[in-house]
Amino acid sequence: MAEDTSLSPIVGLSPDDTSAKLEPGIALCFSGGGYRAMLFHLGTLWRLNDAGYLPKLNRISSVSGGSITAGVLALAWPKLALDRSGVAQRFGPEVIAPIRRMAGKTIDIWAVLLGLIGPGQASNYIARAYRRHLFGDHTLQDLSDDGPRFVFNATNIQSGVLWRFSKPYMWDYRVGKVPSPHVGLATAVAASSAFPPFLSPLVLRLNQSDYTPNTGLDLQRPPYTTRVFLTDGGVYDNLGLETAWKHYTTILVSDGGGHLEAERQPKRDWPLHAYRVLLVIDNQVRSLRKRQVIAAYQSDSASENYRRGAYWGIRSDIASYQLRDSLPCPIAQTTRLANVPTRLQRMNVKLQKQLINWGFAVCDAAMRKHVDPALPAPRGFPYPEAGVG
């Protein structure tokens with residue numbers, strides 16, 4: 001009688017989840033965090049562009065709010081006009097402008113309300129807003145092959161693991177691989193940012209024939225393959241780390257995620273109590289991922305866990321990088337920015353500029369301290385009049 005492997009406590013991993021040999025490339029990871037993270041990561045990209053680092057990136061892996069920023073860059077890549085030093089001459093109109101316009105619009109509350117009173121899920125309305133304001137009808141197949149591979153990460157509620165969207169394929173290692181998916185870019189980003197419980201789930205409808213045979217570990221069958229229930233990528237991996245970590249030797253992590261504040265009197269009604277529990281889980285996952293990154297940077301170079309790179313977060317203290325010429329970012333002011341709620345809600349112009357400035361400044365400090373000490377210090381903030389507070 002054949003052994004029932006479904007009951008075994010030990011199962012093999014997908015080849016996509018393990019790498020025989022790390023590639024000597026650079027991966028950039030974007031966390032979630034709503035518009036707060038979207039703008040913070042825009043500051044990161046601004047500094048990396050000024051330093052000529054965008055064409056050096058091999059992969060950009062993102063979740064949630066970080067996927068909005070990554071999606072805009074992915075679609076804009078062929079139009080960036082990179083010069084010989086690797087600086088995108090059209091970074092402003094192609095990347096900064098659309099993200100700033102998006103930050104001026106509230107879409108989450110309307111999506112939730114429409115999801116309650118109308119047909120369809122709230123996530124469908126979020127996808128519609130992304131399509132209208134950022135991505136149009138472009139699909140994953142419209143992304144360029146010349147730049148980094150962009151991976152937009154969601155969490156599969158059915159399988160309990162990561163569902164990744166990219167141009168070459170979509171893949172959940174338990175459900176299987178869909179090659180060359182024609183999924184809308186807006187849909188991929190909406191799935192990645194379908195924050196539970198309000199904006200989740202996004203249901204992806206596929207055909208069994210869309211999959212490459214025998215590429216799923218144990219769930220390559222309907223309904224897992226035909227009606228895929230997805231939620232925010234940050235539920236599984238809130239730093240966007242997974243699809244980069246096992247492939248590249250240099251990992252850059254930009255973390256615009258939130259922070260769990262103490263609560264003296266937790267709510268007892270089940271909806272608000274459940275939401276609080278979700279925040280506790282998110283905080284713990286983020287903490288564990290961050291420890292993994294920092295430990296790898298600090299490990300011996302001969303260790304299989306060793307990685308080069310740098311981590312910078314919206315809650316970092318820029319003084320900890322110990323650079324005499326870092327941009328002025330008092331911790332009290334940057335903490336205020338870190339406490340901006342995780343929403344897809346309109347932000348005023350000044351706050352937008354401050355979040356961008358802060359992402360720019362802390363990325364600069366981390367890069368010059370840990371990755372490329374030869375980088376010249378920036379002349380100032382992207383928006384000098386706004387500072388960070």
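**Exercise 1. Determine which residues Val362 touches, and place Val362 in the fold.**

Val362 touches Phe40, Trp312, Gly313, Ser316, Ile318 and Tyr321, leaving out residues up to four places away in sequence; contact means heavy atoms within 4.5 Å. The model is a predicted one, in which local features need pLDDT of at least 70 and side-chain atom pairs count only at pLDDT 80 or more, while totals for chains, interfaces and linings use all residues. Residues are numbered from 1 along each chain as its sequence is written, and side-chain values use heavy atoms, with hydrogens and water left out.

Step 1. Val362 lies in helix α11. Helices (H or I, at least four residues) and strands (E, at least two) are DSSP runs, numbered from the N terminus.

Step 2. Val362 has a relative accessible area of 0% and is therefore buried. The classes are buried under 20% relative accessible area, exposed over 50% and partly exposed in between, with a 1.4 Å probe and protein chains only.

Step 3. Val362 and Arg47 are 315 residues apart along the chain, yet their C-alpha atoms are separated by 9.4 Å.

**Exercise 2. Characterise the chain as a whole.**

Step 1. The protein chain contains 11 helices and 10 strands.

Step 2. Of its 389 residues, 54% are buried.

Step 3. Among contacts between residues at least 6 apart in sequence, 74% join residues at least 24 apart.

**Exercise 3. Identify the residues of the largest nonpolar core that touch the most other members.**

Step 1. A nonpolar core is a set of buried Ala, Val, Leu, Ile, Met, Phe, Trp, Tyr and Cys residues joined through side-chain atoms within 4.5 Å. In soluble globular proteins, nonpolar side chains tend to be buried together.

Step 2. The largest core has 97 residues, and those touching the most other members are Tyr130, Phe152, Trp163, Phe165, Leu204, Trp312 and Trp358.

Step 3. Helix α11 (residues 349–371) supplies the largest share of this core, 12 residues.

Step 4. Apart from this core lies another, of 13 residues, including Ala27, Cys29, Tyr248 and Tyr311.

Step 5. Tyr130 touches Ile68, Met102, Ile107, Phe135, Gly136, Ala186, Val189, Ala190, Ser193 and Leu344, again not counting residues up to four places away in sequence.

**Exercise 4. Describe how helix α5 packs against α2 and against α6.**

Step 1. Helix α2 (residues 65–76) and helix α5 (residues 122–135) pack at about 45 degrees, with axes 11 Å apart. Axes are lines fitted to C-alpha atoms, for helices over the stretch in contact, and angles run from 0 to 180 degrees between N-to-C directions.

Step 2. The pair α2 and α5 is therefore oblique. Angles under 35 degrees count as roughly parallel, over 145 as roughly antiparallel, 65 to 115 as roughly perpendicular and the rest as oblique.

Step 3. The α2 and α5 crossing is right-handed. A crossing is right-handed if the near helix is turned clockwise from the far one by less than a right angle, and left-handed if anticlockwise.

Step 4. Ile68, Gly71, Val72 and Leu75 of α2 make the contact with Tyr130, Leu134 and Phe135 of α5. By class, this contact has 6 nonpolar, 1 polar and no charged residues. Ala, Val, Leu, Ile, Met, Phe, Trp, Tyr, Cys and Pro count as nonpolar, Asp, Glu, Lys and Arg as charged, and the others, Gly among them, as polar.

Step 5. The axes of α5 and helix α6 (residues 185–192) come within 8 Å and cross at roughly 130 degrees. This pair is therefore oblique, and its crossing is right-handed.

Step 6. In α5, Ser123, Ile126, Ala127, Tyr130, Arg131 and Phe135 meet Leu185, Ala186, Thr187, Val189 and Ala190 in α6. The contact of α5 with α6 has 8 nonpolar, 2 polar and 1 charged residues.

**Exercise 5. Compare the settings of Ser64 and Asn214, and locate the cis peptide bonds.**

Step 1. Ser64, in the loop between β2 (59–63) and α2, has a positive phi near 50 degrees. Its relative accessible area is 8%, so Ser64 is buried.

Step 2. Asn214, in the loop between β7 and β8, has a positive phi near 60 degrees. At 76% relative accessibility, Asn214 counts as exposed.

Step 3. A cis peptide bond with omega about 0 degrees joins Ser200 and Pro201; Pro201 is in the loop between α6 and β7 (202–205).

Step 4. Pro222 and Pro223 are joined by a cis peptide bond, with omega about 0 degrees. Pro223 lies in the loop between β7 and β8 (227–232).
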